[in-house]
Amino acid sequence: MSASQRSAVRDRAEGRCEYCRFPDLIRSGPFAVEHIFPRSRGGDESLDNLAWSCNSCNGHKAAALEGIDQTTGEVVSLFHPRNQKWAEHFTWSDDQLIVVGRTATGRASIERLRLNREPLMEARRLLKIWKLHP
Ligand SMILES: [Zn+2]
């Protein structure tokens with residue numbers, strides 16, 4: 001992947017993980033260019049298949065395309081940052097520390113990518129103080 005392609009993916013995401021919305025300026029490790037449709041399953045390097053992702057979300061998603069909606073037990077597609085809008089599938093709790101699923105896709109993605117992992121919630125609490133979240 002070229003530096004300009006990586007930069008285009010980052011700029012399009014405005015420097016935030018396209019799943020958990022964590023800013024890359026405050027990262028604890030490098031961000032990844034994530035293949036939404038995994039390379040191992042034939043996904044390509046086109047910008048339409050790439051998302052800016054923190055390493056944790058990238059690692060938890062791995063090659064998955066589907067997850068389980070804990071509310072219904074249904075297997076549903078995970079959130080697709082190119083084809084779907086974050087705000088249609090997720091919202092913030094009143095205190096803005098917890099990602100809440102608005103749809104089956106949102107709920108399954110929260111579970112699969114662990115979008116409310118404890119270190120992330122603690123970081124959101126601090127980012128809020130600095131007005132960097134949400
Ligand atoms: Zn993330």
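These legends go with a few close-up views of a predicted model.

Local features here need pLDDT of at least 70 and side-chain atom pairs count only at pLDDT 80 or more, while totals for chains, interfaces and linings use all residues. Residues are numbered from 1 along each chain as its sequence is written.

**View 1. Helix H4 is mostly covered.** H4 spans residues 104-113, and 8 of its 10 residues are buried (20 or more other C-beta atoms within 10 Å of the residue's own; exposed means 12 or fewer, partly exposed is in between, and C-beta atoms are placed from the backbone). Helices (H or I, at least four residues) and strands (E, at least two) are DSSP runs, numbered from the N terminus. Among the buried ones are Thr 105, Ala 108, Ile 110 and Leu 113. What do the buried residues of H4 pack against? Their partners include helix H2 (55-61), helix H3 (86-89) and strand E5 (90-92). Right after H4 comes Arg 114, with a positive phi near 50 degrees.

**View 2. Ala 62 sits in the loop between H2 and E3.** Its phi is near 45 degrees, a positive value in a residue other than glycine. Is Ala 62 buried or exposed? Ala 62 counts as exposed because it has 11 other C-beta atoms within 10 Å.

**View 3. Lys 131 and Pro 134 are both found in the segment after H5.** Helix H5 itself covers 118-129. Lys 131 has a positive phi, near 60 degrees, and isn't a glycine. With 6 other C-beta atoms within 10 Å, Lys 131 is exposed. As for Pro 134, the peptide bond leading to it from His 133 is cis, with omega near -5 degrees.

Methods: Two residues are in contact if their C-beta atoms, placed from the backbone, lie within 7 Å.
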